[in-house]
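Here is a short report on one protein model. Look at the structure first, then read on.

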Amino acid sequence: MPESSISFSADHLANQFLVAMPGMVDPNFAGSVIYLFEHTERGAMGLVVNRPTEVNLSTLFDKIDLKLEIAPLLDQPVYFGGPVQVERGFVLHESNPNLSYSSSLIIPGGLTMTTSKDVLEAVAGGNGPQQFLMTLGYAGWGAGQLEEEITLNGWINVPLNRDQMMDIIFNTPSSQRYQKAMNHLGFDPSDLSGEAGHA
């Protein structure tokens, strides 16, 4: 059996950024940077990390009956994580072997994505992850769909080490994350064409 040109493994593109190319016309994803936390033969899932919403953590915590009194966190924005299940919360945070939650996906060599409320309870209590990004919704692709979109010049993947990714997600202003992710590829986004090339 000849090998497929695409190697399907759980970590094929997981733990990488997907950056929307200039030709991306889908308004959900134009100009977006996505942290891909899962990529298998069944499809891919990730979170948009550069689209803050008008909702802040204080408002969100009120809605789920949690009291958040940690001043620096109150105004931290909740992000648009993607158009799928926008009523659900997803918390992207640093991996810490001393902290565990009831529903987490630990991405090998990368971050942790938690969907259970206990991570927010820990944050409210002051003993949650130090660095985290809260999103509503996620981005999802069916089997082969993401590969096709990459072939059609919709996305470019940016593999970085954990420190570089954490720096972009947690320490860089959201408006600069796209540019900073692109800078790691060594060129300016304005140099890119929105057209797919054909040899």
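Start with one residue. Val 49 touches Phe 17, Val 33, Tyr 35, Tyr 79, Leu 92, Leu 133, Ile 169 and Arg 177, leaving aside residues up to four places away in sequence.

**The cores**

Val 49 belongs to the largest nonpolar core, which has 27 residues. Phe 17, Val 19, Tyr 35, Val 49, Leu 92 and Ile 169 have the most contacts inside this core. Several elements build it. At least two residues each come from strands E1 (16–20), E2 (33–40), E6 (84–93), E9 (132–141) and E10 (155–158). Helices H5 (162–171) and H6 (177–183) also supply at least two residues each. Helix H5 gives the largest share, five residues. Another core lies apart from this one. That other core has 16 residues, including Leu 60, Tyr 101, Ala 122 and Met 134. In soluble globular proteins, nonpolar side chains tend to be buried together.

**The salt bridges**

How many salt bridges does a search of the whole structure find? The search finds two. Side chains of opposite charge can pair when their charged atoms come close.

| Salt bridge | N to O distance | Relative accessible area |
|---|---|---|
| Arg 42 and Glu 41 | 3.7 Å | Arg 42: 62%; Glu 41: 45% |
| Asp 167 and Lys 180 | 2.8 Å | Asp 167: 27%; Lys 180: 28% |

Take the pair of Arg 42 and Glu 41. Arg 42 is exposed, because its relative accessible area of 62% is over the 50% cut-off. Glu 41, at 45%, counts as partly exposed.

Now take the other pair. The side chains of Asp 167 and Lys 180 meet at 2.8 Å, N to O. Asp 167 lies in helix H5 and Lys 180 in helix H6, so this salt bridge ties together parts that are 13 residues apart in sequence. Asp 167 is partly exposed, at 27%. Lys 180 is partly exposed too, at 28%.

**How confident is the model?**

This is a predicted model. The mean pLDDT of the protein is 88. A value of 70 or more is reached by 88% of the residues. Which strand has the highest confidence? Strand E5 (residues 77–80) does, at a mean of 98. Confidence is lowest in helix H2 (residues 71–74), at a mean of 89. That comparison covers helices and strands, and residues 1–11 need a separate look. Over residues 1–11, pLDDT stays under 50. For these residues the model has eleven contacts beyond four places in sequence.

Technical notes:
Residues are numbered from 1 along each chain as its sequence is written. This is a predicted model: local features need pLDDT of at least 70, side-chain atom pairs count only at pLDDT 80 or more; totals for chains, interfaces and linings use all residues. Side-chain values use heavy atoms; hydrogens and water are left out. pLDDT is the predictor's confidence in each residue, from 0 to 100. Helices (H or I, at least four residues) and strands (E, at least two) are DSSP runs, numbered from the N terminus. Contact means heavy atoms within 4.5 Å. A nonpolar core is a set of buried Ala, Val, Leu, Ile, Met, Phe, Trp, Tyr and Cys residues joined through side-chain atoms within 4.5 Å. Buried means under 20% relative accessible area, exposed over 50%, partly exposed in between (1.4 Å probe, protein chains only). A salt bridge is a side-chain nitrogen of Lys or Arg within 4 Å of a carboxyl oxygen of Asp or Glu.
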